[in-house]
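Please take a moment with the sequence and the model below before reading on. The paragraphs that follow move from enclosed space to the chain as a whole, and then to a few individual residues.

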Amino acid sequence: MVEGTVVEDTTRRVTRRRVRTRANLLDAAFAVFAAKGFGRVSIEEVCEAAGYTRGAFYSNFDSLDELFFALYQQRADLIAEQVSGALALDGPGLDVTAAADRVTEVLLLDRNWLLVKTDFLVHAARAPEVARTLLEHRARLRRAIADRLARARGHAELPAVLVDVEGAAHAVVAAYDGVTVQLLLDADVERARVWLKQLLTALLTDGSDTTV
């Protein structure tokens, strides 16, 4: 029994250490990718930034592509959670102005992330298997938005030009894309948040009503 307990404790320590190592590698890779761009970074550079050996790298990732993929997935999941959480706070109706406030307040608008995301987009455009993952993330984000808008139907209607909740979700994601491109160029996060709020409010209302 004592021997079993020792083995279990050792296993837990190893597992915690491995989780911490993986997280540190992802954090270091994020900084290096943002600074230099994917395709210009070596495994050695990531290891040096994280303070680990190549052995530690290969115990967590098979390649730089796999690490890049994991990094994108981590941040993409965070954004989907942020949007879902911000939209879930209203009752059956949806106060668009208040929801836009919450979304733009919590949404990850980080220029370094946008640099990494843009690299991933370019990479995906040349690699169909990577593109599928990117499309899945975008579809998951749209579903979170569409589901919330669908729950608010019956209280008021979306602008007719959007056709349905799926169309509205596409428009919201497109607005986010447009704002982030501008943010990449001017690096003005506060302006980006204001602009995104204005776009979301304009998209989801007819200009006179703030409730959907």
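How many cavities of 30 Å³ or more does a search of the whole structure find? The search finds 2 such cavities, and it should be kept in mind from the outset that the model is predicted. Rolling a probe the size of a water molecule over the atoms shows where empty space is left. The second largest cavity has a volume of about 80 Å³, and its lining is made up of Tyr72, Ile79, Trp113, Lys117, His137, Arg138, Leu141, Val173, Tyr176 and Asp177. At least two residues of that lining come from each of H4, H6, H7 and H8, and by character the lining residues divide into 6 nonpolar, 1 polar and 3 charged.

Open space can be described in a similar way. The largest pocket has a volume of about 270 Å³, and the elements that contribute two or more residues to its lining are helix H6 (111–125), helix H7 (128–152) and helix H8 (165–186). Of the 16 residues that line this pocket, Lys117, Thr118, Leu121, Arg138 and Asp177 lie nearest its centre. H6 provides the largest share of the lining, with 7 residues, and the lining residues of the pocket comprise 11 nonpolar, 2 polar and 3 charged. Lys117, Arg138 and Asp177 are thus named both among the residues nearest the centre of the largest pocket and in the lining of the second largest cavity.

The setting for these spaces is a chain with 9 helices and 0 strands, which reads along the sequence as α-α-α-α-α-α-α-α-α. Of the 212 residues in the protein chain, 42% are buried, and among contacts between residues at least 6 apart in sequence, 72% join residues at least 24 apart.

The packing of the interior can be followed through the largest nonpolar core, which has 53 residues, with Phe33, Phe57, Leu67, Ile145 and Tyr176 touching the most other members. Two or more residues of this core come from each of helix H1 (2–36), helix H2 (43–50), helix H4 (64–87), helix H5 (96–106), H6, H7, H8 and H9, and the element that gives the most is H4, with 10 residues. Phenylalanine 57 illustrates such packing, since, leaving aside residues up to four places away in sequence, Phe57 touches Leu25, Ile43, Cys47, Ser63, Leu64 and Leu67. Tyr176, another of the core members with the most contacts to other members, also appears in the lining of the second largest cavity.

Leucine 115, in helix H6, offers a view of contacts across the sequence. Its C-alpha atom is separated by 8.6 Å from that of alanine 35, although the two residues are 80 residues apart along the chain, and, with residues up to four places away in sequence not counted, leucine 115 touches Ala34 and Leu184. Is leucine 115 buried or partly exposed? Leucine 115 counts as partly exposed because its relative accessibility is 27%, whereas a buried residue would have to fall under 20%.

H8 has 22 residues and spans 32 Å from its first C-alpha to its last, close to the 32 Å expected at 1.5 Å a residue. The helix is followed by alanine 187, which is found in the loop between H8 and helix H9 (189–204). Phi of alanine 187 is near 60°, a positive value in a residue other than glycine. With a relative accessible area of 44%, alanine 187 is partly exposed.

Terms used: Residues numbered from 1 in each chain as written. Predicted model: local features only at pLDDT ≥ 70, side-chain atom pairs only at ≥ 80, totals over all residues. Heavy atoms only, no water. 1 Å grid on protein atoms, 1.4 Å probe; cavity = no way out; pocket = protein on both sides within 12 Å on 5 of 7 lines; lining within 4 Å. Points joined across faces, edges and corners; volume = space filled by probe spheres on them. Helix = DSSP H or I, 4+ residues; strand = E, 2+ residues; numbered from the N terminus. Nonpolar A, V, L, I, M, F, W, Y, C, P; charged D, E, K, R; others polar. Expected span 1.5 Å × (residues − 1). Buried < 20%, exposed > 50% of the residue type's maximum accessible area, 1.4 Å probe, protein only. Core = buried A, V, L, I, M, F, W, Y, C linked by side-chain atoms within 4.5 Å. Contact = heavy atoms within 4.5 Å.
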